[in-house]
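Please read this report with the structure open beside the text. It takes the two chains in turn, then their contact, and then a few helices and residues at closer range.

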Amino acid sequence: MKITPSKIISLLFFIFSGFYLYTAYQIQVFAFDEGAAFNARTFPIYLGFAGLFFSGLFVILPETNPSSVDLKVLDYKKTLGLVILMILYGITILKAGFFLSTSIFLVGSYIILGERNWMWIFILSFPFVAIFMYLLHGLLNIYLRDPFLKYIGIMG
Amino acid sequence: MIEGILIGLQTALSLKNLMMVMIGCFSGTIIGMLPGLGPMTAIALMIPITYGFEPSTGLILMAGVYYGAVFGGSTSSILINAPGVPGTVATSFDGYPMAQQGKAGKALAIAAYSSFAGGTISAIFLLIAAPSLSLVSLSFRSPDYFGLMILGLTAVAAFSSKGNFLKAMMMVVLGLMLASVGQDSLSDITRFTFNNMNLSDGISFVLVVMATFAMSEALTIIFKANDPTKAAKAVSLSQLGSIKLDKVETKKMLATIPRSSVLGFIIGVLPGAGATIASFLAYGMERNFVSDEERQKFGKGSVNGIAAPETANNAACSGSFVPLLTLGIPGSGTTAVMLGALLGFGIQPGPRLYQTNPEIFWSVIMSMYIGMVVLLILNLPLIPYIARVLATPRTFLIPLILFFSLTGVYLMSFNNFDIYMMIGIAVTATVLRLYDFPMPPLILAFVLGGLMEVNLRRSLLISDGSWAFLWDRPLTLCIMLAVVGIIGWQIYKSFSKK
């Protein structure tokens, strides 16, 4: 049996299904529901078994249509850069506010992807986010808490 | 029915809703045109916006986006041979060769007229079929619904699996597992939350759709180092030639459109099949219908070769609304996204929608006609300008998609935990996509998870814990036989390949 990345993913899913099934059995149900034909843990238990069944079958059976991916051509650097930038965005959005964190996120992602046209980088970040925020406030009445804009006195 | 049509027209023709159809068609065309970004991404990006509107307005906007995205997909198929959506792959077989002959405008016009005709004819079918089917489906019981959901999931898994049914079934189970997180709908017992308050309400539908489609597609483009705009730079997007058709071409289209519409609508109604299969089947059928002389032109810029798949894929889009509106069970990934959005509005589509919310039921159907007209009169003349979107550098395109995805989810909850969860799901989805684990079955399962559990609960309680409910009623038995048939066919296909 050839170990392919799809099989490794399926094996991980098998382990995940096992964990899911174990957790499903731990779900606390009301005492009067314990022997009922259906309670809060019934459906998850079936799902756990289904997950084990399909992933187990995939791991055991030979792969008829294996996916071919050339790992050498994948751009790990840029993808990882974007993912880290998004996590940083999640960390800063509540503290720095929507305007500043979003604008910096956009500038950062343009640069990570190799853009060097600074005029467009600027237009499609700070002014773009400002217009977007105006549309949210003005048209959709969605209030965005923004400590930075509050600090400089633009927002109440 | 006349009263319903009038209600629908009144709602759909209000200034706000007309604007929404136009915005939907326009933005759908732009997003659908970008290779790799299909109708599901387009609709996913629109969901957060729709929550600010009334349900009918929101649904009209999404329907417009759906049609626009399919039309946009055809444009990129014809102009740069890079189909924006799988449903328009067949269009590129003859559309691109015609464009290379300097008749891109003509190819686009054939695609637009065929889409319009296919969409309109199938919308008439929908108008007739949906109310009748709604009445029939009132007699459906919980076991039937449970069976139909299993059928829908199995069919979508079978059609989207690209020859690997087990991978698709794993995605179905994963979708159902994600849907089980949070409070149990009946007992309010929390499940799989691991004492994290952020999970007690379950995982947001918008989050899952945005993560698995919009964000994951953007990350996949970067990860695979694809540049969807590269092909666009090699062609002139402003010099597309005349969009006028001569008599012979019109005559050829008139013959193709009716048969492709019927085929597309029927395929669209079937769970899981959708626009892609409809367009390929219509292309194949058309090759068999035309004369030997015309058949020789297929693959070299045939009018019939463009008209057939374009008519069928738009007809299938309307057809896919039938199970959604009448049974409340989506037959495709795209309509699953719409179902999720409707549930977000607090509306349960199904046989009773026709009676309880007629304005939504009819306005969606009516807005389909209007959407088609908008596509024809607004988008077609504007194509030389809209097509320039294809040349947008990915260095700007990808960050903007990520921005709309992150913002869309953040605006729903104002909670950065959702951003982290979204990133986690998107990264997982990107890796899964790389190895051909399909995402539409996951979304469909995620949307149907709650409904499936409710119907299984009712069925098991009624039958006192016995699984005999699966074959007690003839209707349920037929549905389950269809499920067994699909699974059997998939197993046969796997073994026959060896």
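A residue is called buried here if 20 or more other C-beta atoms lie within 10 Å of its own, the C-beta atoms being placed from the backbone. By that criterion, buried residues make up 63% of the 498 residues in chain B. The model is a predicted one, and every value below was computed from it.

## The two chains

Chain B contains 22 helices and two strands. Its radius of gyration is 22 Å, close to the 23 Å that the globule rule gives for 498 residues, so chain B is as compact as a globular protein of that length. The C-alpha trace of chain B spans about 65 × 60 × 50 Å along its principal axes. When the contacts in chain B with a separation of 6 or more are considered, 79% of them are accounted for by residues 24 or more positions apart.

Chain A is built from seven helices and zero strands, and its pattern along the sequence accordingly reads α-α-α-α-α-α-α. A radius of gyration near 15 Å would be expected of a compact globule of 156 residues, but the value for chain A is 25 Å. Of the 156 residues in chain A, 28% are buried, and among its contacts between residues at least 6 apart in sequence, 64% join residues at least 24 apart.

The table sets the two chains side by side.

| Chain | Helices and strands | C-alpha span along principal axes | Buried residues |
|---|---|---|---|
| Chain A | seven helices, zero strands | about 60 × 55 × 25 Å | 28% of 156 residues |
| Chain B | 22 helices, two strands | about 65 × 60 × 50 Å | 63% of 498 residues |

## Where the chains meet

How many residues does each chain bring to the contact? Chain A contributes 52 residues and chain B contributes 50 residues. On the side of chain A that touches chain B, the helices α1 (5-26), α2 (42-60), α3 (76-96) and α4 (98-112) of chain A each supply at least two residues, and the largest share, ten residues, comes from α3(A). By class, the residues on this side of chain A divide into 34 nonpolar, 14 polar and four charged.

## Two helix pairs in chain B

Two packed helices are described by the angle between their axes and the distance between the axes. In chain B, helix α3 (residues 39-50) and helix α8 (residues 205-223) pack at an angle of about 130°, with their axes 9 Å apart, and α3(B) and α8(B) are therefore oblique to each other. The crossing in which α3(B) passes α8(B) is left-handed. On the α3(B) side the contact is made by M40(B), T41(B), A44(B), L45(B), I47(B) and P48(B), and on the α8(B) side by V206(B), V209(B), M210(B), F213(B), A214(B) and E217(B). These residues of the contact of α3(B) with α8(B) divide into ten nonpolar, one polar and one charged.

For helix α6 (residues 142-160) and helix α20 (residues 440-462) of chain B, the packing angle is about 160° and the axes are 8 Å apart, which makes α6(B) roughly antiparallel to α20(B). The crossing of α6(B) and α20(B) is left-handed. Residues of α6(B) in this contact include Y145(B), F146(B), M149(B) and L153(B), while those of α20(B) include L444(B), L448(B), L451(B) and R458(B). By class, the contact of α6(B) with α20(B) has 15 nonpolar, five polar and one charged residues.

## Two residues at closer range

P323(B) is found in helix α14 (residues 321-327) of chain B. Is P323(B) buried or exposed? With 25 C-beta neighbours inside 10 Å, P323(B) counts as buried. Leaving aside residues up to four places away in sequence, P323(B) touches V269(B), P271(B), I329(B), P330(B) and G331(B). The C-alpha atoms of P323(B) and L133(B) are separated by 8.8 Å, although these two residues are 190 residues apart along the chain.

In chain A, I104(A) lies in helix α4, one of the helices that supply at least two residues to the side touching chain B. I104(A) has 18 other C-beta atoms within 10 Å and is partly exposed. Between the C-alpha atoms of I104(A) and F126(A), 22 residues apart along the chain, the separation is 8.1 Å.

Conventions:
Residues numbered from 1 in each chain as written. Chains lettered and ligands numbered in written order. Predicted model: local features only at pLDDT ≥ 70, side-chain atom pairs only at ≥ 80, totals over all residues. Helix = DSSP H or I, 4+ residues; strand = E, 2+ residues; numbered from the N terminus. Rg over C-alpha atoms; globule rule 2.2 N^0.38 Å. Buried ≥ 20, exposed ≤ 12 C-beta atoms within 10 Å, placed from the backbone. Contact = placed C-beta atoms within 7 Å. Nonpolar A, V, L, I, M, F, W, Y, C, P; charged D, E, K, R; others polar. Axes fitted to C-alpha atoms, helices over the stretch in contact; angles between N-to-C directions. Parallel < 35°, antiparallel > 145°, perpendicular 65-115°, else oblique. Left-handed = near helix turned anticlockwise from the far one by under 90°.
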